[in-house]
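The questions below go through a predicted model, taking up aromatic rings, helix packing and one loop residue in turn.

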Amino acid sequence: MLQRQDYKINRYFLLAIIILFAIFLLYSLVQFLTAFLAAIMFYVLSKSPVEWLIKKKRWSKPMAALLVIVVSFFIILLPISLLATMLYSKIISVTSNTQMIIGPLKSLDAYLQVHFHFTLLSSKNIDQLTAWLTNFISSALNQGLNLVSDISMMYFFLYFLIVNINRMEAAVIFYLPFKRSKIKMFGHELKAQTLSNAVGIPLIAVVQGLVIYISFLIAGMNEAGFWAVITGFSSIVPVVGTALVWVPVAVYLIATGHTWQGIFILAWGSVVLSIVDNFVRFALAKRMADVHPIVTVLGVIIGLHYFGITGLIFGPLLISYFIILLKIYYLEFQSSSRA
C-alpha cells in the first residue's frame with residue numbers, strides 16, 4: 001500500500017513538472033503559435049493528396065512537401081498577397097487624405113439634418129473617428145509585416161510536418177490516455193472542422209464578394225472592386241454579415257442623390273445576395289461540418305484579439321477543437337460512469 005502511494009506521489013509530481021515545462025514553452029513560443037496553427041491547417045488539408053503521391057506515385061516526401069508549398073502559394077497565398085497589396089495602396093491613400101472617408105460622412109450627415117433633423121456627426125465624433133482611422137491604419141501596416149514572418153515560419157513547420165507525415169498522429173495515439181477509437185473520432189472531427197473553417201469561411205466570402213461586385217458595377221460605383229472585397233470580408237461577421245457594408249453604401253447613394261442606384265443595391269443585397277448566401281451555406285453544410293454560429297462569433301472575437309486578421313479562421317478552429325476535446329472527455333470518462 002505504501003509503495004503504491006509513493007508511486008502515485010511520484011506520478012503526480014512528474015506530471016506537475018511536465019505541465020510547468022509545457023506552460024513555459026508555450027509562453028516562450030507563443031509568437032509562433034499562429035504559424036504553427038496555419039501549418040497544422042495546411043497539413044490536414046493536404047494530407048490525403050500527399051499520401052496518394054507518396055504511396056501511389058512513389059514520390060519522395062521532400063518532393064511532395066515542396067509541391068504542397070508551391071500549390072498553396074499560387075492558389076491561396078498569391079491571391080491573398082495581391083489583395084493585401086491592393087488594400088495596402090488604399091490604406092496609404094487614406095493615410096494621406098482622411099477626407100476620403102470623412103467627406104462622404106459629412107455629406108450624409110448634412111442630408112440627415114435637412115430631411116430628418118438628425119445629427120450623425122459632431123466635431124467630437126469626427127475627431128474620434130480621425131484618431132481611430134489613424135490607429136487602425138498603423139495597426140494594419142504592422143500586422144502586414146507580421147503576416148510575412150508568420151507565412152515564412154508556417155512553411156518551415158509545414159515542410160517538416162509533411163516530411164515526417166503520420167509521425168505526429170502516431171505520437172498523439174501513443175501519448176494520449178484515450179482509446180484508439182476515441183482518438184480516431186478526434187481525427188475525423190478535426191479534419192471536418194478544419195475543412196469547414198479553413199475552406200468554407202473563405203469560400204463564402206469569395207462568393208458573396210463576387211455577387212455584390214456585380215451590383216456595384218451595375219450601380220456605377222467608384223472602386224467597385226475594393227468595396228466588393230470589403231463586403232466579402234464582412235461576410236465573416238455573423239448575423240449582420242455583408243449588410244454591414246452594402247446597407248450603408250445604399251443609404252449613402254440615396255442620400256447623395258443617386259436614388260435608383262441605392263434602391264437597386266438594397267434590393268440586390270436583400271434578395272439576390274441572401275438567396276446566394278443561403279444556397280452556399282446549405283451546400284457546404286451537406287459536405288462539411290456544420291459550425292454553430294455562436295462558435296463563429298466567439299471564435300472571430302477571440303481570433304482577432306490574439307491573432308489579428310488570421311484569427312478570422314484560427315479563432316473558430318480553436319473553439320471547435322476545444323469542443324471536440326470536451327466530447328472525447330465525456331465519452332471516455334463521463335458516459336460510462338453515468339451508465
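Q: Is Y159 buried, partly exposed or exposed, given its relative accessibility?
A: The relative accessibility of Y159 in this predicted model is 25%. Buried would require a value under 20% and exposed a value over 50%, so Y159 counts as partly exposed.

Q: Which class does F160 fall into by its relative accessibility?
A: F160 has a relative accessibility of 42%. Since the buried class lies under 20% and the exposed class over 50%, F160 counts as partly exposed.

Q: How many aromatic pairs are there, and of what kind is the pair of Y159 and F160?
A: With ring centres required to lie within 6.5 Å, the count comes to 6 aromatic pairs. The rings of Y159 and F160 have centres 5.2 Å apart and planes at 90 degrees. Planes over 60 degrees apart count as edge-to-face, so the pair of Y159 and F160 is edge-to-face.

Q: What kind of aromatic pair do F264 and W268 form?
A: Both residues lie in helix 10 (residues 259-287), 4 residues apart, which is about one turn of the helix. Their ring centres are 5.6 Å apart, and 45 degrees separate the planes. Stacked pairs are under 30 degrees and edge-to-face pairs over 60, and the pair of F264 and W268 is accordingly tilted.

Q: Which residue is buried, with a relative accessible area of 17%?
A: F264 has a relative accessible area of 22% and is therefore partly exposed, the limit for buried being under 20%. Its partner in the tilted pair has a relative accessible area of 17% and is therefore buried, and that residue is W268.

Q: Are helix 2 and helix 7 roughly parallel or roughly perpendicular to each other?
A: Helix 2 (residues 33-55) and helix 7 (residues 180-219) pack at an angle of about 110 degrees, with their axes 10 Å apart. Angles of 65 to 115 degrees count as roughly perpendicular, so helix 2 is, with respect to helix 7, roughly perpendicular.

Q: How many nonpolar residues are in the contact of helix 2 with helix 7?
A: Helix 2 contributes M41, V44, L45 and S48 to the contact, while helix 7 contributes L190, K191, T194, L195, A198 and V199. By class, 2 of the residues in the contact of helix 2 with helix 7 are polar and 1 is charged, whereas the number that are nonpolar is 7.

Q: How are helix 8 and helix 9 oriented to each other?
A: Helix 8 (residues 224-234) and helix 9 (residues 243-255) pack at an angle of about 135 degrees, and their axes are 8 Å apart. Roughly perpendicular ends at 115 degrees and roughly antiparallel begins over 145, so helix 8 and helix 9 are oblique.

Q: Which residues of helix 9 meet helix 8?
A: The contact of helix 8 with helix 9 has 5 nonpolar, 2 polar and no charged residues. From helix 8 it takes in W227, I230, T231 and S234, and these meet, in helix 9, L244, V245 and W246.

Q: What is the distance between the C-alpha atoms of S235 and I204?
A: S235 is placed in the loop between helix 8 and helix 9 and, with a relative accessible area of 6%, is buried. Among the residues that S235 touches are I204, A205, Q208 and R281. S235 and I204 are 31 residues apart along the chain, and their C-alpha atoms are separated by 7.3 Å.

Note on methods:
Residues are numbered from 1 along each chain as its sequence is written. This is a predicted model: local features need pLDDT of at least 70, side-chain atom pairs count only at pLDDT 80 or more; totals for chains, interfaces and linings use all residues. Side-chain values use heavy atoms; hydrogens and water are left out. Axes are lines fitted to C-alpha atoms, for helices over the stretch in contact, and angles run from 0 to 180 degrees between N-to-C directions. Helices (H or I, at least four residues) and strands (E, at least two) are DSSP runs, numbered from the N terminus. Angles under 35 degrees count as roughly parallel, over 145 as roughly antiparallel, 65 to 115 as roughly perpendicular and the rest as oblique. Contact means heavy atoms within 4.5 Å. Ala, Val, Leu, Ile, Met, Phe, Trp, Tyr, Cys and Pro count as nonpolar, Asp, Glu, Lys and Arg as charged, and the others, Gly among them, as polar. Buried means under 20% relative accessible area, exposed over 50%, partly exposed in between (1.4 Å probe, protein chains only). Lists of a residue's contacts leave out its neighbours within four places in sequence.
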